[in-house]
Structure formats: C-alpha cells, structure tokens
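Colleague: I have the model open and would like to go through the labels on it. Could you tell me what each of them rests on?

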Amino acid sequence: MTGPTERPVPEDSAPEQSAADMVGSTPAPESTIDRQVDSPYGTERRGMFGVAGSGDTTGFGGLVREPWTPPTAERPYGGYFDEIVDGLYEAYAQAEQAIQKVVVDRDELTLHIAREHLIGVATALRDDPSLRFELCVGVSGVDYLGSVHRLHSVVHLMSMTYRRRVRLEVSVSLEDPHLPSLTGLYPTADWQERETYDMFGIVYDGHPALTRILMPDDWDGHPQRKDYPLGGVPVQYKGATIPPPDERRAYK
Amino acid sequence: MSDTTDQYAPSRATTEGRVFNLSGGDWDSVVGGLGEFHDDRLIVNMGPQHPSTHGVLRLVLELDGESVTDLRAVIGYLHTGIEKNTEFRTWTQGVTFLTRADYLAPLFNESAYCMGVEKLLGVEVPERAQLIRLILMEINRVSSHWVALATGGMEMGALTAMTNGLRARERCLDVLEMVTGLRMNHAFIRPGGIAQDLPDGAVEKMREWVTDIRGEIAGLRRLLAGQPIWIGRLKDVGWLGVEGCLSLGITGPMLRAAGLPWDLRKTEPYWGYETFDFDVPTQDGGDCWARFLVRLDEMDQSARIVEQAIERLEPGPIWVDDPKIAWPGQLSIGPDGMGTSLAHVQKIMNGSMESLIHHFKLVTEGFRVPPGQVYTAVESPRGELGAHVVSDGGTRPYRVHLREPSFVNLQSAAALSIGGMISDVIASVGSIDPVMGGVDR
C-alpha cells in the first residue's frame with residue numbers, strides 16, 4: 001500500500017486567461033503517437049483472492065486478467081452518433097486531429113479529445129446549430145492506474161434541443177496534468193472542475209479559482225487517485241481484529 | 001479605540017487594511033468603537049452551523065448595510081468519501097453507501113446507480129420491480145419536497161408550515177418504512193432488482209397515502225398560497241431565468257420554475273414513465289415564489305403517478321432472471337427480526353450443498369460486471385441525478401461518480417443573492433433546496 005501521493009502540482013493556472021484566448025494559443029502540439037489514447041480499464045489482476053506473499057494455496061494464483069481497452073468504433077456508429085461526429089467535422093476544422101478515438105459502448109458515444117482541442121471541440125458542440133449541446137451535465141475524473149495518461153477528465157454534455165448525450169474524455173499524465181478549463185464556455189463546470197482537481201489533481205488551466213472544494217485547503221494528496229489509500233482503522237470484535245476495508249482480503 | 005483592549009472586537013492589520021473580528025457584544029457599542037471604520041465593508045460568516053443554512057453550508061457574505069454585495073459558498077463539511085468507499089465494496093454493497101449521499105432522496109441515489117450497473121450488466125429488471133421502484137421514488141419525491149417546503153417555511157418564520165410539512169412527510173416515511181424497513185437510507189433498490197417484495201397490506205397503505213397526502217397538499221396550499229407575508233418574502237426574490245439556469249447547469253424545479261418544462265421522466269423516460277399520465281408543472285416567474293408553486297404542483301403529480309402505478313401491480317418476480325446476479329434468498333420477518341427467510345436457510349443448511357456454495361459466493365464475492373463505463377440519470381426532486389459508473393470487470397466498482405443536482409444547483413447561490421437583502425439570502429438558498437449530504441458526498 002502506497003501512501004498519499006506527494007507530487008508537486010504546478011500551480012500556473014493563469015486565471016486571467018479567458019477561454020477565447022485558449023483557442024488561439026494552443027500549446028505546442030505533441031506528436032499524435034504520444035497522445036494516443038491508452039485507456040485500459042483498471043490494472044492487470046493476478047490470482048483470485050488478493051493474497052500475496054504466502055505462496056499459492058488456492059490454485060488460482062496463475063490466473064491473469066488483462067486490463068480491458070474499449071475498442072475503437074467503426075462507421076456507422078449507429079443512432080444519432082454519426083450525426084454528432086459528422087456535425088463536429090463540419091463545425092470544427094481540426095476535428096481530424098482533435099478526435100483521438102471514438103468509442104461506442106452500451107448505446108453511449110465517447111469522444112476521446114486531444115486536450116489542446118478541447119475548447120475548440122466544446123465550442124463547436126455548444127454553438128453549432130446542428131449540435132447544440134447547451135447543457136454541461138457534469139465534469140468528473142477517472143484514474144486509470146497503470147496507463148501513461150492515467151488521469152481522465154470526463155465531460156458529459158447534453159443537447160436539450162435534440163435530446164442527445166455525448167461524453168468527452170481527455171487524458172493527461174501525472175507529470176503534466178494540465179488541460180484547459182471549460183468554465184468560459186459552461187460556467188457550471190466551475191465547482192465540478194474544482195472537485196476533479198481536488199480529488200484527482202487534474203489542473204484546469206484558465207479556471208478562475210482552482211482550489212480545493214471538498215477536502216480541507218491544506219490537505220495533502222488527491223484522495224480519489226487509485227494509489228491513495230482508503231484509510232481506516234482496524235476494528236476489534238470479540239478478540240479478533242478486522243483490518244480496514246482496503247487491507248482486507250478481497251476477491252479480484 | 002485601542003486595538004487590543006476591546007475583547008469583543010480584536011483587530012489585525014492586513015493588506016486590505018485593518019480587519020476587525022466581531023463575535024458578539026452590543027452592536028451599537030462595537031460599531032461606535034470602530035470610529036470611521038464602520039462604513040467599511042462588513043463580511044459576515046453565515047454557517048456552517050447556522051440553523052437556516054440547510055445543514056453544514058457556510059456562506060461568506062460581503063455586506064453593504066443589509067445588501068449583499070458578494071457571496072461565496074463554502075462546502076465540504078459533510079464530505080464522507082462515499083464515492084471512494086464504493087470502490088472497496090461489492091457492487092451490491094455500493095448501494096449502502098450511495099443511498100446516504102442525498103439523504104432526503106435516498107431512493108433516487110440507489111436508482112441512478114442501479115440503473116448504471118444494470119446498463120453495464122445488460123440486464124433489465126422485471127416489470128413488478130420497476131413499478132415498485134417507481135412508486136417508491138415518487139413517494140420519496142413527495143417526502144423530499146415536504147422537507148423543502150417545511151424547512152423553507154421554518155427559515156422564513158412560518159413555523160406552521162414546518163410542523164404541517166414534517167407531519168405530512170411522516171406519512172410518506174411511514175409507507176417507505178413499511179415497504180423497505182427503514183425511514184431513510186433504505187438500500188432497498190439493488191442492482192438487478194429490489195431487496196424484497198411488498199409486504200401484506202402495502203398496496204392498501206399506499207392507496208390511503210394518496211388520499212391523505214392530497215389532503216395535506218391542499219392544506220398547505222390553503223395555508224401558504226394566499227398568505228401575504230409568505231408571498232411578500234418569496235415573490236420577486238432570488239430570480240434566475242432560463243439562460244442563467246442552463247449556463248449554471250441547473251435542472252429540476254428551479255429550471256421548471258423559470259419556464260422550461262425539462263423533466264427527464266418525460267424527455268428521457270425510464271422504467272415505464274412514458275406510459276403514465278402526468279404533467280410537468282412549470283411557472284414562468286423564475287423566483288422563489290415560482291419554485292414554491294412548482295414543488296407544490298409536483299407533489300400532486302407524484303400522487304397521480306402513484307395512484308396509477310398501484311393499479312398496475314401484478315404478481316411477478318422482483319429480481320432479474322439470472323441466478324448469477326439475483327440475490328439468493330428472500331428476506332422475511334422472523335421471531336428475532338428481519339433476516340433471510342427460514343425456507344431459504346433450511347434449503348442451504350440442510351438441503352443443497354450447491355445452494356450453500358452459491359449463496360456464499362454471491363454474498364461474499366458478489367458478481368462481476370463487464371468492463372466499460374456508462375452514465376445514467378434519473379429526475380430526482382432536485383434535478384438531474386446522474387451516475388457515472390466505470391467497471392474494470394471486477395467484483396467492485398472501479399469508479400462511481402454521482403452528478404449531484406444539489407452540488408451543481410448550489411453554484412447559483414451567488415447569482416440569486418447578490419444585490420438582494422441579507423434576509424433574502426435565506427429565501428434564495430432555501431429555494432435551491434440543497435441537501436448537504438448530496439453536495440459533499
């Protein structure tokens with residue numbers, strides 16, 4: 001069990017920079033290969049029962065489960081998904097570079113977006129008459145421990161005009177956890193980006209006041225990261241000691 | 001005035017000038033002692049223990065006289081790590097945590113999460129389970145609106161609204177307690193079904209509830225809808241239009257009170273809502289008064305839905321037809337309280353070794369959910385309650401995030417309050433109806 005992650009988080013979030021500026025001054029584009037989406041779900045799991053160091057007494061020790069990566073969707077995506085992607089290609093000139101991967105899974109469309117194009121894509125999605133995603137439903141994060149760009153910022157958008165939903169996913173690495181803030185486009189992203197920063201340490205450049213929101217201001221680490229322990233104390237009951245939940249033997 | 005001798009107003013120099021901390025004492029003597037400083041801006045810290053800030057909400061107000069010139073909401077006092085905790089329990093146990101997020105609408109938290117898990121699993125619960133979920137949600141919506149109106153009334157000084165409202169809420173909780181066994185934090189809706197079937201007499205009780213609650217709603221309408229002080233406190237206070245609501249991401253009664261008939265039960269129907277006959281009440285005032293009226297009307301509509309739904313209840317299964325997901329034993333009331341039914345215990349302890357193994361595996365290990373991510377949303381009493389559920393294929397959730405309408409809607413506190421009177425802050429924040437359990441999770 002690793003302790004709370006203590007990594008220096010650059011705090012140059014440039015609050016005076018507006019969303020419009022962000023579109024113009026895109027950061028130096030990284031090579032596309034570098035930014036390929038490697039988003040396997042979870043880490044490799046070995047064995048069955050979460051026991052380590054005592055030899056394999058279960059017979060399941062050789063079991064290996066590979067992390068699962070969602071497959072790239074093929075055209076036609078089905079439903080209204082094609083219209084969204086086509087509309088985005090029409091409304092945003094750099095859509096080819098912006099969309100790293102399209103995933104259609106369980107009737108939901110996920111667009112993996114390169115971070116330098118997030119503002120452009122979101123602007124097109126919000127303003128284009130054929131798209132009209134007026135409502136930013138939510139911003140949250142997921143930590144896919146084990147992949148290079150392990151921190152994912154997930155944005156759910158809703159078009160009230162067409163009653164459609166789309167999910168934008170931007171992945172960043174721990175060393176460079178920066179992506180542009182959506183607060184200039186959707187003011188509702190304010191607290192939700194603060195929460196994602198608080199819980200995952202994803203830094204939203206251009207956010208007006210990116211501070212902790214749920215945890216105390218002087219808290220160390222980002223609690224929702226996968227390498228941050230749950231914490232807790234062992235419980236004694238009739239002489240036996242039950243370890244805290246994240247140290248108990250658990251099925252994998 | 002000396003800086004150090006006044007025990008009621010110690011002061012310190014800051015970059016913004018001299019700041020006086022006041023925590024008590026007679027106002028006139030304190031302000032008189034400040035000399036020329038008393039015209040300067042006054043920052044009042046309201047909460048987190050203030051009785052009219054809806055639980056542990058802290059508002060930092062900047063005042064000019066009694067007018068609010070700035071407002072900042074400080075949250076996090078009730079953060080309990082619900083989302084993180086679910087990652088260390090089975091999918092079924094996750095319900096027990098999430099139900100405690102928005103504690104006035106627990107059945108909605110359970111529904112949003114279970115809908116997500118079921119979507120990941122690719123299963124659909126039987127019709128009877130859907131209907132029972134739907135009835136419980138609507139009763140829960142009414143009970144939540146009663147708390148909103150009761151506490152909102154109490155904060156305005158309308159104490160009869162509080163006593164009447166909490167009495168009416170008890171009627172709702174009586175039904176929920178009869179069906180689920182608990183008044184709050186039910187953990188009744190589980191991935192794949194519901195914990196147990198309706199007990200004997202539940203349908204009669206619900207029918208009685210529909211009549212009773214209509215009487216209570218009419219009573220509150222008579223009590224408050226024409227009350228001049230109540231109207232004076234709410235009308236034209238805390239205005240927010242449709243554009244403001246959309247840019248701040250506000251859904252639910254606040255959005256409908258601004259005039260947009262947006263209700264997920266109509267726009268993205270789930271669990272058979274499209275087959276029910278009900279209206280989406282709207283107002284176009286966009287103020288606290290409009291929100292009060294929308295909530296009143298919504299309770300009537302919920303009673304309508306429950307009335308129709310209980311007529312459709314047919315006997316049938318309450319779990320998905322998949323023994324690898326459905327809970328193995330039914331619960332029942334025994335001489336020593338509620339537990340697994342005696343018939344099931346006898347079967348696994350005396351009859352079938354395989355059943356015992358199956359029960360043990362499913363209860364301790366749980367089931368595996370195929371990897372992927374989904375977002376599912378229900379219309380909670382406060383707006384769109386969404387669950388972003390991610391699975392890595394294991395027996396425990398990889399990540400669960402609740403898109404909490406209380407959390408999102410509370411961002412509008414500043415927009416509603418700035419420029420108004422300090423007394424209107426209470427009315428405005430009350431009309432948002434934030435539940436801090438949901439805000440902080």
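Colleague: Let's begin with α4(A): which residues in it are buried?

Modeller: In this predicted model, the buried residues of α4(A) are A:L118, A:I119, A:G120, A:V121, A:A122, A:A124 and A:L125.

Colleague: And what makes α4(A) largely enclosed by the rest of the structure?

Modeller: The count does. Being buried takes 20 or more other C-beta atoms within 10 Å, and 7 of the 10 residues of α4(A) are buried, so the helix is largely enclosed.

Colleague: Just after that helix comes A:R132. Why is A:R132 called partly exposed?

Modeller: A:R132 has 17 other C-beta atoms within 10 Å. Buried starts at 20 and exposed stops at 12, so with 17 A:R132 is partly exposed. The residue is in the loop between α4 (118-127) and β5 of chain A. Its phi, near 50°, is positive although A:R132 is not a glycine.

Colleague: Which residue of chain B also has a positive phi without being a glycine, and why is B:A187 called buried?

Modeller: That would be B:A187, with phi at about 50°. It sits in the loop between α6 (159-180) and β6 (189-190) of chain B. There are 22 other C-beta atoms within 10 Å of B:A187; the cut-off is 20 or more, so B:A187 is buried.

Colleague: Then why is B:P323 called exposed?

Modeller: B:P323 has 12 other C-beta atoms within 10 Å. Exposed means 12 or fewer, so B:P323 is exposed. You'll find B:P323 in the loop between α12 (288-312) and β8 (331-334) of chain B. From B:P323 to B:R171 there are 152 residues in sequence and 36 Å in space, C-alpha to C-alpha.

Colleague: Back in chain A, what is the peptide bond from A:R75 to A:P76, cis or trans?

Modeller: It's cis, with omega near -10°. A:P76 belongs to the loop between β2 (64-65) and α2 (81-91) of chain A.

Colleague: How do you know that chain B is as compact as a globular protein of its length?

Modeller: Set the two values side by side: the radius of gyration of chain B is 25 Å, and the globule rule gives 22 Å for 441 residues. Those are close, so chain B counts as being as compact as a globular protein of that length. Along the principal axes, the C-alpha atoms of chain B fill a box of roughly 85 × 45 × 45 Å.

Colleague: What is chain B built from, and what share of its residues is buried?

Modeller: Chain B has 18 helices and 12 strands, and 49% of its 441 residues are buried. Among its contacts with a separation of 6 or more, 66% join residues 24 or more positions apart. In chain A there are 5 helices and 11 strands, with 38% of 252 residues buried.

Colleague: What makes β3 and β5 of chain B edge strands?

Modeller: The sheet is open, with 3 strands in the order β3-β4-β5 (chain B) and antiparallel pairing. β3 (42-46) and β5 (67-74) of chain B each pair on one side only, which is what puts them at the edge by definition. On average, neighbouring strands are turned by 20° against each other, direction ignored. Helix α17 (residues 422-432) of chain B packs on this sheet, touching β4 and β5 of chain B, and its direction makes about 150° with that of β4(B).

Colleague: How do you know that β3(B) and β4(B) pair?

Modeller: Pairing takes at least two bridges, and β3(B) has 5 with β4 (residues 58-64) of chain B, in the antiparallel sense. In that pair, B:I43 stands opposite B:E62.

Colleague: How many residues does each chain give to the contact?

Modeller: Chain A gives 36 residues and chain B gives 38. On the side of chain A that touches chain B, the largest share, 6 residues, comes from β5(A). By class, that side has 19 nonpolar, 6 polar and 11 charged residues.

Colleague: Where in chain A is the pLDDT below 50?

Modeller: Over residues 1-35. Chain A averages a pLDDT of 80, and 79% of the residues score at least 70. Where pLDDT is low, the predicted coordinates should not be read in detail.

Key. Residues are numbered from 1 along each chain as its sequence is written. Chains are lettered from A and ligands numbered from 1 in the order in which they are written. This is a predicted model: local features need pLDDT of at least 70, side-chain atom pairs count only at pLDDT 80 or more; totals for chains, interfaces and linings use all residues. Helices (H or I, at least four residues) and strands (E, at least two) are DSSP runs, numbered from the N terminus. Axes are lines fitted to C-alpha atoms, for helices over the stretch in contact, and angles run from 0 to 180 degrees between N-to-C directions. Two residues are in contact if their C-beta atoms, placed from the backbone, lie within 7 Å. pLDDT is the predictor's confidence in each residue, from 0 to 100. Ala, Val, Leu, Ile, Met, Phe, Trp, Tyr, Cys and Pro count as nonpolar, Asp, Glu, Lys and Arg as charged, and the others, Gly among them, as polar. The radius of gyration is taken over C-alpha atoms; the globule rule is 2.2 Å times the number of residues to the power 0.38.
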